[in-house]
Amino acid sequence: MCGLCGMLGGEHWTEEAAGAGASAPRRAERLRRVGFANTVLVHYGLRLDDWQGSSYVLSSRTGRSEIVATLVDAWQAAERMLGRGCDPLEPALIERLEREA
Amino acid sequence: MEGSAATPVNIVTGFLGSGKTSLLQRLLASPRLADSAVLVNEFGAVGLDHHLLRRIDGDVVLLQSGCLCCTIRGDLGAAIRDLHSRRERGEVPYFRRLVIETTGLADPVPILATIMAEPVVRHHFRLGNVVTTVDAVNGAGHLERQPESVKQAAVADRLLITKTDLAPAAAVAALRRRLERLNPAAPLIESDPARRVDPEFLLATDLFDAAGKSAEVRQWLAAELRRPGAPSHDGHHDVDRHDARIRAFCLRHEQPLDWTAFGIWLSMLLNRHGENVLRVKGLLNVRDSERPLVVHGVQHLVHPPIHLDRWPDADRTSRLVFIVRDLDRARLQRSLAAFNRIANPAAAIVR
C-alpha cells in the first residue's frame, strides 16, 4: 500500500473505526489490533509492535525488523522475512486459531 | 466513513465491438450528464461532431449537452490529475462526475486501481459504478476465449447486454444465465437501439448516493437468491473456459463480527490472494455498531468502509459476496470464522 497515506491524511481502511461512536480511543484500538495480529503472526515466529502510534515494527526471532505503515505492509514484510507466503487459508493456521484463539 | 464529497468516476468497459461507443454516444447526448466529464480514447471513434459546442483545446471539447469530453493521452492517472487541475483553475466547466471509457482489450483492474490508490487521484475522486457491455452476438465467444472479457464482466456493477435485437432470444437467455453466474451481484440490463438506457441507474445509483445505497446493497444481496452455485443450464462445463474458474458465492456469518479481527483477515487474504479476488462486496454486522457497515474491494484494494443508515432487510447476518478465481468457498468461510475467534474466543468453530 502507499507510504504517502499518512502524509496526505488518508487513513488506511484497516485503521478506520467501525463503531458509529468510535467506542475505543484510537490508541487503544491500535494496541488491540497489534495484539490480534500477533495471535496470527506467532504462527510464523514473528511479532508486531506499535511504533509511536503512527507505524508498526515487525520483528523476527532472529532479530530482523522492519518498520511498516499499515497491516497490508506488515503482511508483505512478513512474507519477505519468511521467504514464503502468509496465507489465511492455510489449514494449519486456521486450526491453530480454532484451537488457541 | 459517511460517504464522500469526492467526484465519482464511472468506468465504461466491454470487449471490442460490444457497444461501448454506442452507449457512450447515447450517454453523451443525455442532459443527465450535463455536469460530467468523459475521458475517451479518441474523439473520432465516438463521433462527436453533431454534439460539439466548442473545442476548448486539442484534447478537450465541450458538447451541447454541457458534457465535457477529453481524450486520454498516455497515462490515465496524469489525464485525471490534469482534468482536476483545470477544473480547480476554472479552465474547464465544473464537472461533478467523470466517466472513463476503456479500450476493448483492457483489463479494467489497473484502471480501478488508479482511481482507488493513486495518491492524488484518490483524494479528489472515488470509484463509481463500473458499467460493462457484453454483446449478445459475440459475448459468449469473448467470455470463452478472452480473459480480459471475463474480468470486465466480473468487476461490473452494471452489466449491459447489447445488440439483443441481433441475436436469437435463446442466445440472449443463455448469455444472461452465464453472466448471472459470473457476477450475480450486478444488475443485468438488456439493451438494443430502440430501448432507452437510464443514465441515472447505470452511473449514479451507487453506495454513496444517499437515496440509492440501501437499494444498491439489496441488489448485491439478491445475488444470494439467484443461487450462483447452481449448475449450468447451457451445457458448458469445459474447465479450460476462461470463466469456468471464476465463481461467485456469498459467505454468511451469524454472530456480529469484530471489525479489527475482520480487517486482519481481509487484509491478509487480499495480500495473498488479491489477484484471485476480482470483487468483494459485503454488508457486515459489526460489534459496537448499531448500523451495518459496507465494505467493497477489487483485487488488492479495499474502499474505506461506509455505514448504512439502516439495515436493508430484517436479516442481521453479515454477508460477503465474493467473485473469485480458484478459491474455495468452504475454506474462506472457515478462515473468516477462525479469525473472528481471535476477538471472540467463545464463538463457534465453522467446519
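Begin by selecting chain A and chain B together in this predicted model, and display the residues that meet: 41 residues of chain A are in contact with 45 residues of chain B. The area buried between chain A and chain B comes to about 3,600 Å², and carbon and sulfur atoms give 67% of that area.

Next, turn to the charged pairs that span the two chains, where the rule finds three salt bridges across the interface of chain A and chain B. One to select is the pair Glu98(A) and Arg334(B), whose side chains meet in a salt bridge at 2.9 Å, N to O. If polar contacts are then added to the display, twelve residue pairs are counted between chain A and chain B, both residues being at pLDDT 80 or more.

With those pairs still shown, colour the secondary structure of chain A: the elements that give two or more residues to the side touching chain B are α1 (26-41), α2 (71-82) and α3 (91-100) of chain A. Colouring that side of chain A by residue class instead separates its residues into 24 nonpolar, eight polar and nine charged.

Now hide chain A and keep chain B, which is divided into domain 1 (7-225) and domain 2 (246-343). Taken over C-alpha atoms, the centres of domain 1 of chain B and domain 2 of chain B are separated by 26 Å, and the contact takes 28 residues from domain 1 of chain B and 26 residues from domain 2 of chain B. Between these two domains of chain B the buried area is about 2,400 Å², with carbon and sulfur atoms giving 73% of it.

For the charged pairs at this second interface, the rule finds two salt bridges between domain 1 of chain B and domain 2 of chain B. Selecting Lys281(B) and Asp157(B) shows side chains that meet in a salt bridge at 2.9 Å, N to O. The count of residue pairs in polar contact between the two domains of chain B, both residues at pLDDT 80 or more, is three.

Finally, select the elements of domain 1 of chain B that face domain 2 of chain B: α4 (109-117), β7 (125-135), α7 (147-154), α8 (169-182) and α10 (213-225) of chain B each supply at least two residues of the side that touches domain 2. Among these, centre the view on α10(B), which gives the most to that side of domain 1 of chain B, with seven residues. Coloured by class, the residues of the side of domain 1 of chain B that touches domain 2 of chain B divide into 19 nonpolar, two polar and seven charged.

Notes: Residues are numbered from 1 along each chain as its sequence is written. Chains are lettered from A and ligands numbered from 1 in the order in which they are written. This is a predicted model: local features need pLDDT of at least 70, side-chain atom pairs count only at pLDDT 80 or more; totals for chains, interfaces and linings use all residues. Side-chain values use heavy atoms; hydrogens and water are left out. Contact means heavy atoms within 4.5 Å. Buried area is the accessible area (1.4 Å probe) that two parts lose on being put together, summed over both. A salt bridge is a side-chain nitrogen of Lys or Arg within 4 Å of a carboxyl oxygen of Asp or Glu. A polar contact is a pair of N or O atoms within 3.5 Å; within protein, one must be able to donate a hydrogen and the other to accept it, and residues adjacent in sequence count only if both atoms are side-chain atoms. Helices (H or I, at least four residues) and strands (E, at least two) are DSSP runs, numbered from the N terminus. Ala, Val, Leu, Ile, Met, Phe, Trp, Tyr, Cys and Pro count as nonpolar, Asp, Glu, Lys and Arg as charged, and the others, Gly among them, as polar. Domain bounds come from an automatic or database domain assignment.
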